[in-house]
Amino acid sequence: IRLCKKMGYDGFRSFKVAISSVVYNQLHLPSEVDVNFPFKQEDLTMDIAKNMADLTIDTVKKTLAQLDEELLQSVAEMLYNSERIFLFSRGGSQVRARSFQSKLVKINKFAIISEEYADVAWNASNLTPNDCALFLSYGGISPHNNRILQHFSNEKIPTILITGNSNSDLIQLATKTIVVVQEEYDFVKIGTFASQVAFEYILNTLYSVLYAKEYRDNLENLKKKQFLIENGILSEEI
C-alpha cells in the first residue's frame with residue numbers, strides 16, 4: 001500500500017484498476033503483424049486472436065488508403081448499369097464472390113458465378129456489352145483469365161479487375177482495375193488472410209455504394225420482403 005501511495009495512487013485498489021487499464025489498452029493496441037506468418041507455434045490462443053484482429057484492421061486500413069474515390073464510383077456505376085453481373089474467381093476468392101453474390105440479391109441484382117460446374121467458357125461466350133464481368137485475382141497471373149479478358153475486350157464487354165498485382169498483364173485488358181497491394185507472398189504463407197480481407201472489404205464497399213444509390217427504395221423493399229418472408233406466404237411457419 002505504501003508503494004502504491006508513493007506512486008501517486010490512493011491505495012492498492014486504485015493501483016490495480018490502473019494496471020488493468022494499461023493491460024486492456026496494450027491488448028487492444030494494434031501491432032505490426034507478419035501477414036504471411038501472423039502467429040508462431042508457441043503463441044497462446046489469445047495472442048493468436050489478437051494478431052488476427054490486428055492483421056484484419058491493418059489490412060482494411062491499407063486497402064482504404066489505396067482506394068481512389070473516382071475509380072470506386074465508376075466501378076459501382078458499371079455494376080449498377082449492367083443487366084447481368086458475371087463473377088470470375090477461383091479458390092478463396094470465389095468464397096468472397098459468393099458472399100458478394102448473396103448480398104446483391106438484397107437489392108434485386110443477381111450475379112452469376114461463372115466458373116461454377118466448369119461452365120466458364122459457356123458463360124463467357126454468352127456475355128453481351130450490356131453485361132459486366134468482375135474478376136477477382138490477387139496474383140493477377142492467369143492465362144485462363146487472360147484469354148477470357150481478351151475475348152471481352154474484343155467484344156467491347158465491360159470488365160472489372162480487382163487484384164493485388166500492380167504489374168499484372170490482365171490490367172491492360174480490363175476496362176476498370178482496382179489494385180490493392182498487400183505484403184503477402186504467392187506461396188510461402190500460412191493462409192491468404194490479407195488478400196481475402198482486402199477483397200471482402202472492397203466488395204462490401206461496392207455493395208454499400210450500390211445500396212446507397214437507391215437507399216430509401218431499398219429500405220422500403222427490405223421491409224416488404226422481410227414481412228413476406230417472416231409473416232407472409234413465404235414464411236416457413238405458415
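This section describes the salt bridges, a pocket, a nonpolar patch and selected backbone features of a predicted model.

Eight salt bridges are present in the predicted structure. One of them joins the side chains of E77 and K213, with an N to O distance of 2.6 Å. E77 belongs to helix α4 (residues 69-81) and K213 to helix α8 (residues 193-213), so this pair ties together parts that lie 136 residues apart in sequence. Both ends of the bridge fall in the intermediate class of accessibility, between the limits of 20% and 50%. E77 is partly exposed, its relative accessible area being 27%, and K213 likewise counts as partly exposed, at 33% relative accessibility.

A further salt bridge is formed between the side chains of D131 and R84, at 2.7 Å from N to O. This pair links distant parts of the chain, 47 residues apart: D131 is placed in the loop between α6 (120-126) and β3 (132-136), and R84 in the loop between α4 and β1 (85-88). The two partners can be described separately in terms of accessibility. D131 has a relative accessible area of 1% and is therefore classed as buried, whereas R84, at 31% relative accessibility, counts as partly exposed.

Loop residues also supply the pair R90 and E115, a salt bridge in which the closest N and O atoms are 2.7 Å apart. Here too, distant parts of the chain are linked, with R90 in the loop between β1 and α5, E115 in the loop between β2 and α6, and their positions 25 residues apart in the sequence. R90 is exposed, with a relative accessible area of 52%; E115, in contrast, counts as buried because its relative accessibility is 14%, below the 20% limit for that class. In addition to these pairs, R96, K103 and E200 are connected in a network of salt bridges.

The second largest pocket of the model has a volume of about 180 Å³. Its lining consists of V105, K106, N108, N221, L222, K225, Q226, I229 and E230. By residue type, this lining divides into three nonpolar, three polar and three charged residues. Helix α9 (residues 215-230) makes the greatest contribution, giving six residues to the lining. Among the lining residues, L222 lies in helix α9 and is partly exposed, with a relative accessible area of 43%. The C-alpha atom of L222 is 35 Å from that of A121, a residue 101 positions away in sequence.

Another of the lining residues, N108, is located in the loop between α5 (92-105) and β2 (111-113). N108 is exposed, its relative accessible area being 51%. The backbone of this residue is also notable in one respect: the phi of N108 is near 60°, a positive value in a residue other than glycine. Most residues other than glycine have a negative phi. A positive phi, of about 60°, is likewise found in K156, which is not a glycine. K156 is situated in the loop between α7 (143-154) and β4 (159-163), and with a relative accessible area of 66% it is exposed.

Helix α9 also contributes to a nonpolar feature of the surface. L228, I229, I233 and L234 make a nonpolar surface patch of about 420 Å². L228 lies in helix α9 and counts as partly exposed, at 36% relative accessibility; this value is above the 30% required of patch residues. I229 is a member of this patch and also lines the second largest pocket.

Finally, a loop position elsewhere in the chain was examined. E42 is placed in the loop between α2 (12-27) and α3 (45-66). With 60% relative accessibility, E42 counts as exposed, the limit for that class being over 50%. The C-alpha atoms of E42 and A97 are separated by 35 Å, the two residues being 55 residues apart along the chain.

How values were computed
Residues are numbered from 1 along each chain as its sequence is written. This is a predicted model: local features need pLDDT of at least 70, side-chain atom pairs count only at pLDDT 80 or more; totals for chains, interfaces and linings use all residues. Side-chain values use heavy atoms; hydrogens and water are left out. On a 1 Å grid over the protein atoms alone, a cavity is a set of points where a 1.4 Å probe fits but cannot get out, and a pocket is an open set with protein on both sides within 12 Å along at least five of seven lines; lining residues have an atom within 4 Å of a point. Grid points are joined across faces, edges and corners, and a volume is the space filled by probe spheres set on the points. Helices (H or I, at least four residues) and strands (E, at least two) are DSSP runs, numbered from the N terminus. Ala, Val, Leu, Ile, Met, Phe, Trp, Tyr, Cys and Pro count as nonpolar, Asp, Glu, Lys and Arg as charged, and the others, Gly among them, as polar. Patches are made of residues with over 30% relative accessible area and no salt bridge: like charges are joined within 9 Å, nonpolar side chains (Val, Leu, Ile, Met, Phe, Trp, Tyr) within 5 Å. Accessible areas come from the Shrake-Rupley method with a 1.4 Å probe; for residues, only the protein chains shown count as cover. A salt bridge is a side-chain nitrogen of Lys or Arg within 4 Å of a carboxyl oxygen of Asp or Glu. Buried means under 20% relative accessible area, exposed over 50%, partly exposed in between (1.4 Å probe, protein chains only).
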